[in-house]
Amino acid sequence: MIKKSSIYHLPVGNGDMTLLKIASNNRYFYVLVDMYIRQSCTEKDDQCNVLDELHNLLEKDSDGRPYLDALVITHPDKDHIGGFEKYFYQGSPSNYTPAKSGEKDLIFIREIWSSPLIFRRKRKNHSLCEDAKAFNTEAKRRVELYRESKSVSSEGNRIRLIGEDIDGKTDDILDIVYKPEDIISKINEVSIKELTINIYGPLSDDEFEDSEALDKNRSSVILRWGIASHGYSDPTNFILLAGDASVEAWEIIWRKYKDAPQKLSYDLLLAPHHCSWHTLSHDSYSKSANPKVSESAKQALSQARTGAVIISSSDPIKDDDNDPPNFGAKREYDSIVSSANGTFLCLAGNVVNGEKAPSVLEYRLTNEGPQKTSETLSADSTSSAKKRTAATSSLIGHSGQAIGHG
Amino acid sequence: MGKLKPKREITPEIKDVIRWLKEYSFVAAVQVKSCSDDGVAISTNWRVDLPTKFESAGKTESGIRSIEAVTWVFPWEYPLCAPQPTLREDFPLTLPHINPVVEGEGVSPCIAEVDLTDLLHSSGTEAVFGAMTHWLNNAASGELLCPVQGWEPVRRDNTSGLISADTYAIREELKNYAPVRYFKYRYTVLSGDTDLVLGHIETPSLGSPNTEFKAKYVGIINGIRHSPALLLQVDGIVEEYWAESVDKLSDLKGVLRKFKLCDAFEARLKHVMATSSPKACASKRKAGVEEFLVVLAVKRPFNVLGANNPWELLTYRVCFDGNSEQLSDDVPVHAPLMIKSTCPAMLRSVSGIDQNAEVIPISFIGCGSLGSKMALHLAKSGRYEFSLIDDDIFSSHNNARYGAVVDGFDSIGCPKVSLVARDIQALGVKVKPLKVDALELGKSKPAIADKKFRYILDTTASLPVRYFLAHHAKLSACLMHSILFGKATMGVLAIEGKERSVRVDDLMAFTNTLCVKDDLTQKAMYGGAVTRESFGDGCSSATTIMDDIGLSILSAALAGRVNKHIGENTGPDEGLLNICHLDKNYKLDWTSHARARSYFC
C-alpha cells in the first residue's frame with residue numbers, strides 16, 4: 001500500500017493539537033504542532049482521549065519508543081504545551097527507559113522546533129506553566145549541546161529555533177535558527193522533497209509598534225506547511241498553523257505580503273487562538289458596542305483556496321459574548337470560506353454517530369488538496385483508532401495471511 | 001453477464017456479505033440486482049471522499065462523484081473466488097488503473113496489485129471492499145497515478161500481437177535524444193491471422209538516417225518476416241495519461257502531430273515505402289511483408305510501472321496498403337503488447353542486482369553436471385559473461401542431472417559446451433564455447449582464457465587439469481576450483497590467494513588433512529565404494545550413481561559462494577577453502593578456512 005500524508009486535528013477543547021504525518025521516501029515523518037493533553041481526557045468519556053489517539057497514530061522506533069520526528073511548539077501557553085512534562089521524554093536519549101507495565105511509554109522527540117521565547121526571562125507578562133518550564137529546560141539542554149559541540153546533535157538532542165532572539169542571544173547558534181522568510185524542507189535533518197514550509201512568525205519585537213510589551217500571543221510561531229503528495233515535490237496542500245497569533249501580528253503580515261497574497265493562501269487554516277475575536281479586532285467583543293474588524297488582519301486570513309476549511313480548535317461556539325471561541329470571529333471566518341466554497345468547522349462538533357466525545361478530524365493530503373477522511377462506523381470491523389495506527393495503516397499489505405510465492 | 005437464473009437460492013455466504021455490506025460505512029445502498037450463471041450481481045452506492053475543493057460541486061473535475069455506483073458480481077463459488085467490481089457505464093475511462101474495457105461488460109477498475117481472490121483469502125472480504133474504497137478515493141484525489149508505485153502504461157482495450165524487445169537497450173539509447181531511429185523488426189504470422197503476430201525488435205538501433213535502413217533487410221526468410229521498425233522519441237516530459245485510441249494511420253499521425261513528430265515520421269515513411277512496401281518488394285522479386293512497426297517513446301514524469309525508467313514505449317503495427325505507393329490514412333494500425341525479451345539487464349533486475357553493476361567475465365573449465373549447473377546459475381543472474389572449455393560430448397544419461405535438458409536425437413553427441421552455451425545464449429548472455437581439452441589448450445595458450453576473464457573456475461574434477469592449472473598454466477585470472485565428493489554429499493570451492501599463493505592444489509591438500517579430524521570429510525572423500533555404471537558401449541561411459549537433487553543443491557550453493565566472493569570484490573590475500581556438507585535431510589553445513597601464503601610457500 002502506498003503511503004499517504006495526512007493531517008490530524010485532535011480535539012482538545014480550547015487548545016491546539018495537530019499531528020502531521022508526512023509520507024516521503026516510503027516512510028512517514030511525524031510532526032506534532034502543539035499539544036494540550038489534559039489528565040481529564042483520559043478519564044472523562046465526554047472528552048476525546050487524545051493521548052490514546054496520539055499513541056495509536058505514532059510508530060515506534062527500533063528501540064520500541066513511540067516517537068515524533070519533530071515537535072513544534074508555537075508558544076509556551078498551557079493550551080499549546082499542556083501534557084509535555086508528563087507524557088513526553090526529556091533528557092539524554094541514553095537514559096530512556098520503557099514504561100512500567102500498564103503505563104504508556106513516554107514519547108521520544110527526535111527534534112524540537114521552538115520559538116526563541118525560551119531564552120526570555122520570566123516577566124509579568126511572560127509567566128510559564130509547569131509544562132512550559134519543563135519544555136524550556138529540555139530545549140535549553142539541547143541548545144547547550146549544540147553550543148558545546150557546534151554540530152547538530154544526535155536524534156533526541158536536536159533542536160531548531162524558529163526566529164532569532166533579541167539582543168543577539170542566538171547569534172552564536174545561527175546554524176540551528178530558521179529565520180522568517182526562510183523555507184524549510186527538512187525535518188530531523190532529513191530533506192523531504194514533498195515539504196515546503198514558509199515561516200511567517202514569530203515576528204520580531206521591533207516589528208510591533210509597542211515593542212516593549214512582550215506578548216506570547218504576538219510571538220507565536222506561524223508556519224505555512226506546503227505538502228505535496230507522496231513522491232511529488234510541488235505542494236498541493238497548504239496548511240496555515242499560527243498558534244495564538246494576534247490581530248497585530250496579522251496586520252504586520254498583511255503589510256508584508258499584500259502584494260503577494262498567494263503566499264498566505266491555505267486549504268486548511270486553524271483559526272488562530274481558538275477562534276478568538278482578538279485575532280481579527282483590537283476591540284473587545286463583549287465591551288464594545290460596535291467592535292470593528294481589522295480589515296488588514298482579515299485580509300491576511302482571507303486567502304482561502306477553493307474548498308478551504310477553517311477549523312476552530314475550541315470548545316463549542318455559542319451565539320454569545322464568549323471569547324475564545326467567539327461567535328463574531330466565527331461569523332467572519334464563515335464569510336471568508338463562503339466566498340471560497342469552503343467550510344468552517346469546530347472540532348468540538350466533530351462528533352461521530354452520537355458518541356459523547358468529539359473525534360479526531362483527519363484529512364488526507366492529496367494531489368487535489370485535502371480530502372476529508374470519512375468517519376468509519378462502529379459496524380466496521382476495525383475501530384477508527386486501530387485503523388489509524390501505523391502498523392495497520394494498510395488493510396491489504398499488512399494484515400491477514402502472507403501471500404507467498406511459488 | 002450470463003443467463004439469468006432467478007430461482008437459484010443465494011448462498012448463505014453471499015447473504016452474509018450482503019448483510020455486512022449494508023453495515024459498511026462506505027456503502028450508502030445495497031440491492032441484489034440479478035442472479036445468473038456468473039453469480040449474484042449486487043448493486044451498491046459507494047461513498048467517495050472528495051477533496052474539499054470539489055465537495056460543493058459533488059464531483060471532481062475528472063468526473064468522480066461523491067456517490068459512485070459499484071456492482072459486485074459474487075460468483076456462486078464465493079468465497080472460493082472473490083467478487084468482482086464494475087463501475088457505471090459512463091465512468092470516466094481516461095483514468096489509469098482501469099482494466100481493458102470489453103464492450104458491454106462495464107468498467108472494471110484494477111483495485112489491487114494482487115489478484116482479488118488472493119486478497120480475499122489473505123485478508124478477508126473487508127480488504128477487497130477496502131481496496132475499492134481506496135481506489136475510488138484515489139480516483140477522486142488524482143492519485144491513481146503514483147510516483148512511488150510507478151506510471152501506469154496507456155490502457156489498450158484492443159491489443160493485437162505480441163512484440164518482444166530488449167527494452168533496457170532501447171531505453172538506454174533514449175538517453176541521447178533523436179527524433180527517429182531505425183531498428184530491424186522480424187515477426188511471424190500464426191495461422192495466417194494478423195492478430196496472431198509474434199514479433200521481435202532487434203537491438204541496437206541502426207541509426208537515424210534513411211540510408212541506415214536498406215532494402216536488403218526486408219523480406220521473408222523461412223516464414224520469418226523482416227521489416228523496419230521506427231522508434232519515434234518525444235522531446236520533453238508528458239504528464240497526460242490517456243487510453244489508446246489509435247486504430248488507423250490517421251489516428252497515429254494525430255498522436256505524432258501532438259508530439260511534433262509527424263514531419264519526422266512522414267520523412268521516414270517515404271523511405272519505408274521505398275524499401276519495404278509490397279510494391280518495393282515486388283520490384284525486387286521478393287515476397288512482400290504485411291506491416292512495419294512504429295514505437296513511440298514517451299517520457300513520463302516518473303518511472304513507468306515495471307520499467308524502473310520513465311520512458312513508456314508504445315508500439316504500433318502499421319499495415320501496408322496492397323500494392324499502392326503511398327499509405328492511405330485509413331490503413332489499419334494495430335496496438336500490440338510489448339514484452340521484455342530475456343536479456344542480462346532483465347535478469348539483473350529480476351535477480352535484484354544493481355543495473356549498474358559491472359559485467360564480470362568468467363571462464364569455466366568443465367561443463368559436466370556440476371559445471372553446467374553452476375554456469376547456468378551464474379548466467380541467470382545477468383551479471384556474468386562466459387567462456388566455456390570442455391571437449392566432452394553429451395550422452396543421453398547426462399540428462400539425469402545436467403544443467404540443460406537435451407531433447408532430440410540430433411543433440412545427442414553434441415559438445416557439452418555447445419549445449420550449455422545454447423542455454424546461456426537463450427538468456428541473452430554473452431558466451432564463447434570452446435570444445436577443446438584444457439590440457440591441449442594449455443599447450444598453445446598457457447593463460448587458458450583471454451585477458452578480460454578475471455576468474456577461471458575449474459569444475460572438471462580432473463587431477464591432471466588441476467595439476468596443470470596449479471603448476472604450468474600462466475594465469476592472470478583468479479583461479480577457483482570446485483569439486484564434489486561422496487556422491488554429492490560434500491562440495492568444495494577452493495579460491496587461490498593473491499599472486500597465486502596459496503594455489504588450489506595446496507588448498508586441496510589441506511582438504512585432505514582435514515580428514516584426520518573430520519569424519520564427515522573423510523567419509524565423503526574416502527569412505528565407501530563409489531558406485532559407477534556404464535550407460536553406453538565400453539567403460540568410458542561409466543558414471544557415478546547419484547540423483548540430481550543433492551547435486552543441484554550443492555551446485556547452487558557453490559555457485560552462490562562464487563557469486564558472493566566475486567561480489568565482495570575484495571579478494572583476500574589468503575587462499576580460501578569453502579567446504580559444504582549436505583546431509584540426508586538436505587541440510588547444508590558450511591565451513592571455511594583461510595590459508596595464509598606462508599603456510600605452504
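This is a short talk on how two protein chains, A and B, touch each other and on some features inside each of them.

Okay, hi everyone. Before anything else, please keep in mind that what you see is a predicted model.

Let's start where the chains meet. How many residues does each chain bring to the contact? Chain A puts in 39 residues, and chain B puts in 34 residues. Together they bury about 2900 Å², and carbon and sulfur atoms give 53% of that area.

What about charges? Between chain A and chain B we count three salt bridges. One of them pairs A:Lys4 with B:Glu143, and there the closest N and O atoms sit 2.9 Å apart. On top of that, there are 14 residue pairs in polar contact between chain A and chain B, counting pairs with both residues at pLDDT 80 or more. If you want to find chain A's side of this contact on the screen, look for β18 (304-312), β20 (361-366) and β21 (369-372) of chain A, the elements that each give two or more residues to it. And if you sort that side of chain A by class, you get 12 nonpolar, 20 polar and seven charged residues.

Now let's move away from the contact. Over all chains, the salt bridge count comes to 52. Here's one inside chain A: A:Asp105 with A:Lys60, with the closest N and O atoms 3.8 Å apart. A:Asp105 is in the loop between α3 (84-87) and β7 (108-109) of chain A, while A:Lys60 is in the loop between α1 (50-57) and β5 (67-68) of chain A, so this pair ties together parts that are 45 residues apart in sequence.

Next, the sheets of chain B. Take the four-stranded one to begin with: it's an open sheet, ordered β1-β2-β3-β4, with antiparallel pairing. Which strands stand at the edges? Those are β1 (27-36) and β4 (84-87) of chain B; each has a single partner strand, so one side of each is left without a neighbour in the sheet. On average, neighbouring strands here are turned by 25 degrees against each other, ignoring direction. Zoom in on β1(B) and β2 (residues 39-47) of chain B and you'll find eight bridges in the antiparallel sense. In that pairing, B:Gln31 has B:Ser43 in β2(B) as its bridge partner. Then there's helix α4 (residues 125-140) of chain B, which lies across β2, β3 (67-74) and β4 of chain B and runs at about 150 degrees to β3(B).

Chain B also has an open sheet of eight strands, and its order is β16-β15-β14-β17-β18-β19-β22-β23, with mixed pairing. The edge strands are β16 (431-434) and β23 (588-595) of chain B, each pairing on one side only. In this sheet the average turn between neighbouring strands is 15 degrees, again ignoring direction. Inside it, β19 (residues 490-495) and β22 (residues 575-582) of chain B run antiparallel and are joined by six bridges. For example, B:Val492 has B:Ile579 in β22(B) as its bridge partner.

Last bit: backbone oddities. Most peptide bonds are trans, and most residues other than glycine have a negative phi. Where do we find a cis bond in chain A? Go to the step from A:Asp323 to A:Pro324, where omega is near -15 degrees. A:Pro324 is in the loop between β18 and α8 (327-338) of chain A. In chain B, the bond from B:Ser501 to B:Val502 is cis too, with omega near 10 degrees, and B:Val502 is in the loop between β19 and α14 (504-517) of chain B. Finally, A:Asn188 isn't a glycine, yet its phi is positive, about 50 degrees. You'll find A:Asn188 in the loop between β12 (186-187) and β13 (190-191) of chain A.

That's it from me, thanks!

How values were computed: Residues numbered from 1 in each chain as written. Chains lettered and ligands numbered in written order. Predicted model: local features only at pLDDT ≥ 70, side-chain atom pairs only at ≥ 80, totals over all residues. Heavy atoms only, no water. Pairing = 2+ DSSP bridges. Axes fitted to C-alpha atoms, helices over the stretch in contact; angles between N-to-C directions. Contact = heavy atoms within 4.5 Å. Buried area = accessible area lost by both parts, 1.4 Å probe. Salt bridge = Lys/Arg side-chain N within 4 Å of Asp/Glu carboxyl O. Polar contact = N/O pair within 3.5 Å; in protein donor to acceptor, adjacent residues only side chain to side chain. Nonpolar A, V, L, I, M, F, W, Y, C, P; charged D, E, K, R; others polar.
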